[in-house]
Every structure is written in C-alpha cells, then in structure tokens.
Amino acid sequence: MSDDSELIERARRNPEAFAALYEQYLERVYRYLYRRLGNVHDAEELTAQIFTDALEGLLKNHYKAGGCFPAWLFSIARRRVADFYRKRTHDPLEEHPSSEPGLLAALEKSDDLQQLSRLLAQLDEHKRELLRLRFSAGLHFAEIALLENRSEAAVKMELYRTLDFLRQQWEAENG
Amino acid sequence: MDKMDLTMPPELDATLTHFYTVPKPDPAFAARLDVDLRRRFDELSAPKVDPRSPLMRSLRARPALAFLFVLVALSLLVGAVYAVGRLSGFIPGFGFTSGTADVYVLDQPMSASLDGITLTVEKAVHDGSRFWVQVRRVGLLEERGAAYVDSSVLLPDGEKIPYQMAGNLESGVPETQMTIEYPPLPAGTESLTLRFTFMTSGYELLQSMDIPIVLRPIRSGELIPMPPTETPSLQSETHDGLTLVLEDVAFDSDKTILQVGLRFDSPDAGLAGDWNVVLSDETGKSYLLLDISPDVRDGDTKLFQAPAFDGSEMLTLSLVMFPYGEDVPVYTGVADESAHFSFAPGSDPQPGQHWDLDETLNIADFQLHVVGASLISSTELVFEFEQVDDLTGVMLFTSNSLLRGSGGGIPNQNGLFTAGMTFESIPVQPFDVEINRIYYTAHGPWQIRWQPEAAPVQASGLPTATPFPTGAVYATPTMGSPSSLSYQVQALVQKFEASLLQGAGWIHSVTVQESHMHPGQILPPPYLVTELWVEVDADGYVTRSLYTDRDENGNVLQQSASAGNYSINFTTGDAGYNEYSRYLFSTDLFSQDLAQAEENGIPIQQEERTCDDGSVCLFIAVSEAVSFQNPGESQATTEVGRRVWINLETGQQVKLQAFAYLADGSEQIEFTREPLLVEKLDSPPQDVLDIIAQVEMP
C-alpha cells in the first residue's frame with residue numbers, strides 16, 4: 001500500500017504539496033482513463049475533473065486521514081467514468097455494456113498490439129478493469145481490493161487467472 | 001509488467017507493458033491543469049478571507065507574506081469544514097452528530113473495578129446537544145446483589161447531572177456494554193467524573209463506582225464515534241437472510257439524508273452486484289435519491305440525499321437490484337468442512353475428456369448435486385452442477401498446489417451451472433474439491449414503510465451532496481481527418497435532424513430492437529421497444545427527457561427521466577446530477593463506429609442499396625476479424641461488425657445491425673435496431689409530463 005499520508009495531510013493546506021501529489025498521480029490517472037475511454041480528449045477532460053474533485057475532497061475533508069489515498073482517488077475516477085457513460089448512453093439496456101473503446105477500436109497498429117487487443121476483447125469488462133487498475137493505474141492488490149470491496153486474495157487470484165488466460169491464448173496463437 | 005509468478009512470453013510482456021503504460025498526458029495539458037488546480041486551490045480558500053479587509057490589501061502589496069497567510073487560512077478552513085459538519089449534524093463519510101457546538105471525544109478509555117465488577121468507559125462524545133458514553137461491564141452484578149444501576153455526571157464544580165437514557169447494564173451475562181445518554185454539558189467541559197451507583201431491587205444503595213474521564217476537542221480528520229443503536233432501526237422483513245435497514249435519518253429544511261444498510265444473517269454474505277434503493281410514497285410518486293456515499297465505502301451501507309418532506313407522506317423505501325427485481329443474487333462463504341468432494345482425473349487426462357459424477361453435498365440449506373466435469377483445455381477443468389431450488393452457483397477451491405485460479409458459476413440453459421478451476425497442469429492424483437462460496441437467489445421484497453418528520457423551517461446546514469455544476473457544453477470529439485464518407489454520413493444526419501432540431505419542442509421516437517440471445521443472457525431481451533420523449537431548447541439541447549424500455553408485451557423493463565441536470569432511473573434507483581454537461585439531441589447511431597473504423601484502418605464497405613420500403617439507401621458496414629468463443633456456445637466467433645442503412649432522401653438511419661460470423665462461416669445477427677417513429681411535437685401527453693415531474697429536486 002502506498003504511504004503518502006504526510007504529503008496528503010500537507011496537501012490539505014499547502015498548494016505546493018497538492019501539486020506534488022498531482023504530479024505523482026497524474027500519469028496513473030491519465031493512463032487509466034485513456035484505457036477506459038479510448039481517446040485523448042475524454043481522458044484529459046476527466047483527468048481534470050478528477051483532480052479537481054480530489055482537491056475539493058481533500059480540502060473539504062471527504063478523504064479520511066489514514067485512509068487509502070490511491071483507492072480513494074481511483075474511486076473518484078471510476079465514479080466520473082460511470083457518470084460519463086451514464087450521461088452519454090442513457091443507460092442502454094445491456095447486460096455488459098462495454099467500456100473499452102469499442103468493438104471496432106483496434107487500439108494500435110502493430111501486430112502485437114492488435115493481437116493483444118483481440119485477446120482483451122475476449123475478457124469480460126471486470127477482468128479488463130482489473131488489468132487497468134493494476135497496470136495502468138499502478139494500484140497494489142490491497143488497493144484494488146478496497147476499490148472492489150473484495151479480498152486481496154480474490155483480486156490476486158482473478159488477476160492471475162486473467163494473465164494466465166492471456167498467456168495461454170497468446171502462446172496458442174503464436175505457436 | 002508484474003508477472004505474479006507467471007512466466008509471460010517476452011513479446012506479450014512487452015506488449016502489455018506498452019499497452020497499459022505508454023499513454024502519457026500531453027505536457028501542455030499537464031501544465032495547464034497544474035495552473036488550473038492551483039487557481040482552484042486559491043478559490044476554495046478565498047471565501048474564508050474578506051477580500052475587502054485591510055489585511056488582505058496589505059498582503060497583496062507584500063507577496064512575500066501571502067504564502068504564510070494562505071497557510072493560516074487553510075488551517076482555518078479545515079476547522080471550518082468540521083464546523084459545517086457539526087452544525088449540520090452530518091459529516092459525509094463520518095456519520096451523524098446532533099450538536100450545534102464543538103465536538104469533544106474521550107481522550108482515552110478509563111476503567112474502574114470493585115468487588116469483581118469492572119466498568120470501562122470506551123467511548124464518550126459531547127457535541128453540544130447531548131453527551132453520551134459507551135460503557136463495558138465485566139462481572140456479574142447479580143452476584144453483588146445489584147438489580148439496578150444509576151448513573152450521573154459529576155462536574156468539577158460539584159454539579160451532578162443525572163442520565164437521561166440508558167440501555168440495560170444489569171443483564172445476567174458476564175460481559176456486556178451499553179450506551180448512556182446525558183443532557184448537554186456546559187460548554188468547554190473537558191474533565192468530569194462518571195458515577196455509577198448500584199442498587200438492590202428495593203432501590204437500596206449498595207455501592208458506587210466513580211470513573212474520572214477527560215474529553216478533548218475532536219481532531220482534524222478524526223472519525224466521530226457513533227453510538228450503537230439502542231432502539232431497533234426501521235427495517236424491512238428479513239427474507240432469505242437479508243434485511244434492509246434504515247439506519248439513520250437527518251432532516252433539514254431543504255433535504256433529508258438517509259443512511260441505508262443491508263444486514264445479512266451470515267457475516268460472509270453479500271449481494272452479488274451493486275444495489276440501490278428507490279423511495280416512493282403512497283400515491284406512487286418517486287423521489288430522487290442522490291447517492292452520496294463516502295468514496296471509501298462499505299458496500300453494505302449507503303448514504304442518500306432525498307428531498308425535504310412535509311411529514312404527511314407515507315414513504316416506502318425499497319431495495320432494488322437491476323435487473324433482478326425482487327429475486328436478488330446473494331453469495332455467502334462456506335465454512336462447513338464437509339463441503340467438498342473428491343475428484344480423480346486419472347493418470348492421463350486429455351482436453352475434451354468428460355467425467356460423469358454423482359455427488360450430493362448438503363451446504364447450508366441447499367443440496368448441491370455434482371453431475372459432471374470436463375477438461376476444456378490442458379489446464380482448465382469445468383465442473384457441472386444441477387441447478388436446484390435457489391442455488392445458482394458455487395466457487396471452488398482445492399489445496400492442491402497446482403491450482404492457479406477458480407471461477408464462479410455460469411448458468412447453462414439445460415438446468416445446470418458450471419464452475420471452473422485452472423491448474424498449472426491437471427493433477428493426475430485424486431484431489432479434494434472444496435466449495436468455498438455459494439451463490440443463491442433471495443426472494444424479496446425488502447421494503448421499509450415509514451412516515452418522515454416534517455422538514456425544519458430553518459435550515460440547519462446539511463451539506464449538499466455535490467456542487468451544482470455549471471452547464472459547460474460537451475464538445476463531441478472529432479476525428480483527426482474525417483473522410484468524405486464520414487462527412488457524408490454526418491451531412492445525412494444533419495439533414496434528417498434539421499426539422500427535429502428547428503425550434504424548441506418535444507421529440508418523440510420509438511425504436512425496436514431484436515436481439516440474438518446467448519446462453520445465460522438476460523439483457524437485452526430478445527425484443528425491446530424503446531420510447532423516448534425529449535424536450536429540446538431552441539439550440540437543440542436536451543432539457544427534459546423520458547426513456548421507457550418495454551418488452552414485446554408492453555411491460556416496462558426500465559424507465560428513466562431527466563429534468564435539467566437531474567435524472568432518475570425509476571427501475572434501478574440510480575439518480576443524480578448529469579454532471580458532465582449539457583448535450584445535444586441526436587439520432588446518430590453509426591458515426592462513432594465509422595470514425596473508429598477509419599482511425600484504425602478497419603475495412604469499410606459502402607454501396608447504395610434498396611431499402612425494405614423501396615427507397616434508395618446508403619449501406620455501410622465495418623467489421624474485423626476476432627477469435628473468441630462465448631461460454632456455452634458450440635462455435636467460435638471469427639468476425640464481428642456493424643452495418644447501417646441510411647435513407648439517402650431523408651437522411652434517416654433506418655436500420656442498424658450488429659453481426660458476427662461463426663467458425664462454420666454462418667452469419668449471426670446480434671441485434672437489429674430500427675426506428676418505428678420519429679416526430680416533433682409542441683408538447684407530450686400529460687402522463688409523460690406527470691412522470692417527469694416525479695424527478696423531485698433535492
């Protein structure tokens with residue numbers, strides 16, 4: 001688990017400390033959003049909103065001292081993304097609304113990336129979200145567990161299975 | 001890339017790393033946001049400073065001092081936030097207080113013992129309106145001949161304050177705790193003595209025990225202790241081990257805060273999915289509930305902001321879990337050591353091999369019947385279970401060291417459900433399969449009926465859930481260099497929508513969608529009719545709306561309404577601000593897919609075709625090769641895509657289809673969506689307005 005507690009407490013009072021916090025988490029938040037939203041415009045728009053929310057949350061003491069800051073920050077991010085999709089889609093009556101950049105959004109041009117995007121498309125949204133939280137957001141298992149309201153062991157196990165699935169499929173396709 | 005003990009092929013490892021970590025924010029964007037956040041920081045602190053004060057003016061002239069001033073202002077701000085919370089009686093993420101003054105809490109627990117009885121003051125809170133303590137008693141009072149306990153506060157000046165309310169400290173158990181409430185203490189009281197007096201059944205004094213305690217102001221960021229509930233909360237009937245509880249309510253002149261919780265008979269139980277509540281009155285009117293739960297949440301407790309009530313309403317709070325209705329999925333951990341069975345794969349298990357099994361286990365109130373197992377790959381074993389009664393799934397485990405993962409139940413269409421286990425390699429020795437979680441259906445309804453208090457006339461300052469956003473216009477992302485086809489499609493969209501968006505009014509549309517149903521699929525249903533009423537302003541922006549999804553028999557599956565920046569989904573209970581922005585009405589179903597296809601070099605087919613009604617249409621299809629197999633289906637999918645038919649004369653997108661090709665070359669239509677009606681009216685039917693009017697603003 002991260003231990004930014006001193007910096008976070010200072011960030012409630014000191015704009016420089018908040019700026020340091022922003023610098024520390026900007027890339028992780030942006031990467032996560034980019035992978036969820038699939039384009040720079042929306043990723044930037046929501047990144048700005050999330051850090052503004054985090055700033056206000058810190059100053060208004062919505063964040064509990066001693067809490068898990070990364071989990072709190074990414075819970076804001078997930079709520080913002082949910083709002084974004086709710087607003088954009090008007091709750092389509094779908095069982096598993098996809099939040100990846102879409103059926104047809106092959107994400108990059110290289111063969112390997114295209115192969116990976118095909119494999120990721122076979123995963124359900126929850127597994128893709130775990131991958132994003134772990135690798136784009138850089139969250140520890142315990143932090144993901146807090147976000148997901150699950151045990152750390154369960155998160156670790158599911159992520160392991162997901163990676164193993166990708167490995168098996170990759171090897172099957174590449175001999 | 002984290003390997004989690006997996007050895008990943010180097011190319012996959014590098015690709016995953018690239019995929020998930022390479023996107024980086026543009027430095028110019030990062031710098032702009034940094035500046036914006038600093039400005040926002042200043043804005044948030046600015047209201048605490050009188051800009052007209054001479055001090056501020058002198059600070060402007062002396063920038064070297066300004067930073068120090070900001071620090072002081074912010075340290076005051078932290079206190080100010082708490083002051084707001086205390087005044088309100090509610091602090092998001094903290095809970096309820098009822099006071100109007102400073103909050104003092106117990107500095108440290110204090111104990112005293114006498115003749116085998118130990119009393120410990122574990123919590124104490126004074127919030128200006130009341131003083132309450134939580135006391136733990138160890139030792140049997142009855143052995144000392146005591147039948148009653150009296151309690152009072154002794155202040156340093158000798159004043160004695162008797163208690164107002166208390167739980168039962170005299171029960172015949174060796175250890176218990178209770179909460180005692182006293183009238184408010186004089187402001188600033190920091191030290192006092194709690195006196196407990198034991199009496200016989202004839203109210204004769206036996207002995208007294210004094211416990212001095214120290215109170216201190218609550219610290220910044222500190223959780224305000226909550227008293228345990230002595231009186232039963234408002235709660236629903238318990239069904240299948242689940243109870244809906246209205247844990248707390250706070251009333252203000254313009255809003256009401258509800259703390260709602262789920263209670264399970266088993267500590268390892270939970271709902272298998274997100275839950276919500278809806279609030280309605282006896283007339284059927286629904287009330288907007290904003291979920292204002294703290295960000296670091298306990299999944300079984302939620303906080304909602306509701307409108308203020310006049311006290312005459314008879315309200316019903318109902319648990320909803322879309323799309324399950326009153327039959328909700330529940331999971332619970334299995335602690336029963338007998339919940340396991342042995343499985344012998346044999347010395348040379350092969351992918352595709354199937355084993356018939358016949359094992360019956362009794363788990364909780366359920367019978368679990370294991371009927372088979374299949375090796376679906378060299379490492380994945382899938383067990384099949386008979387779906388009996390309300391048992392819908394299991395999670396499996398084995399202590400065999402080759403285990404790498406396990407998955408929960410997937411219902412089949414033949415009355416079975418499955419649960420998989422993945423191994424590094426399939427064990428060749430018999431091993432025990434343990435059931436460590438079961439999933440079942442609990443049957444409601446879970447409803448709480450109660451009459452709220454009338455909202456106080458004077459505002460007490462309960463915090464508003466979210467600042468009302470300003471209506472920034474959302475700019476639709478545009479492609480880097482749209483093609484002539486994209487321009488043509490957008491031009492056709494504009495052509496069709498020109499009359500719809502000319503002037504303020506109401507747009508009424510009805511769309512039908514027919515879907516292929518996959519095994520285990522619940523939504524969307526095979527036939528879905530969506531009716532939409534949208535009010536647009538003169539610029540085409542949506543101001544009010546009503547969406548209704550119906551099945552083929554006209555039953556409402558989902559209904560949601562919005563008014564301004566608020567929306568409520570009457571079916572799922574979701575409600576809140578549409579925080580993002582205003583948005584334009586659009587009938588466009590395909591431009592985004594087309595843009596993505598163009599951006600990514602995906603093949604696009606276009607041609608003129610004759611539509612079903614004989615009109616000339618522009619037909620566009622985009623598709624790409626894939627390789628996956630849906631659970632429970634016999635064939636892999638090899639290609640997926642979408643196609644649209646656009647009437648070239650009207651510009652209307654008259655049909656949208658999602659399709660797939662299977663391994664045998666056959667085509668499968670995933671869904672077909674067609675508009676049945678699109679019209680512009682001056683006003684909708686009154687019943688539409690009545691429903692939208694239910695979007696009560698908090």
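Contact here means heavy atoms within 4.5 Å. The structure is a predicted model, in which local features need pLDDT of at least 70, side-chain atom pairs count only at pLDDT 80 or more, and totals for chains, interfaces and linings use all residues. Residues are numbered from 1 along each chain as its sequence is written, chains are lettered from A and ligands numbered from 1 in the order in which they are written, and side-chain values use heavy atoms, with hydrogens and water left out.

A good place to start is helix α5 of chain A, residues 111-121 (helices are DSSP runs of H or I with at least four residues, strands are runs of E with at least two, and both are numbered from the N terminus). Its buried residues are Leu113(A), Gln115(A), Leu116(A), Ser117(A), Leu119(A) and Leu120(A); buried means under 20% relative accessible area, with a 1.4 Å probe and protein chains only. These buried residues pack against α6 (125-136) and α8 (152-174) of chain A, and also against α1 (10-21) of chain B.

Helix α6(A) has a further partner in α7(A), residues 141-148: the two axes come within 10 Å and cross at roughly 135°. Axes are lines fitted to C-alpha atoms, for helices over the stretch in contact, and angles run from 0 to 180 degrees between N-to-C directions. The crossing angle makes α6(A) oblique to α7(A), a word for angles that are not under 35 degrees, over 145 or from 65 to 115. On the α6(A) side, the contact is made by His126(A), Glu129(A), Leu130(A), Leu133(A) and Arg134(A), and these meet Phe141(A), Ile144(A), Leu147(A) and Glu148(A) of α7(A).

Turning to chain B, its secondary structure comes to 7 helices and 43 strands, and 48% of its 698 residues count as buried. Among contacts between residues at least 6 apart in the sequence of chain B, 61% join residues at least 24 apart.

One strand of chain B, β21 (residues 315-320), deserves a closer look: 6 of its 6 residues are buried. In a regular strand the side chains alternate between the two faces of the sheet. In β21(B), Leu315(B), Leu317(B) and Leu319(B) are buried on one side, and Thr316(B), Ser318(B) and Val320(B) are buried on the other.

Strands pair if DSSP finds at least two bridges between them. Strand β17(B), residues 276-281, runs antiparallel to β21(B) and is joined to it by 6 bridges, with Asp281(B) opposite Leu315(B). Strand β32(B), residues 447-450, is also antiparallel to β21(B), through 4 bridges, and here Leu315(B) stands opposite Trp450(B).

Methods:
Buried means under 20% relative accessible area, exposed over 50%, partly exposed in between (1.4 Å probe, protein chains only).
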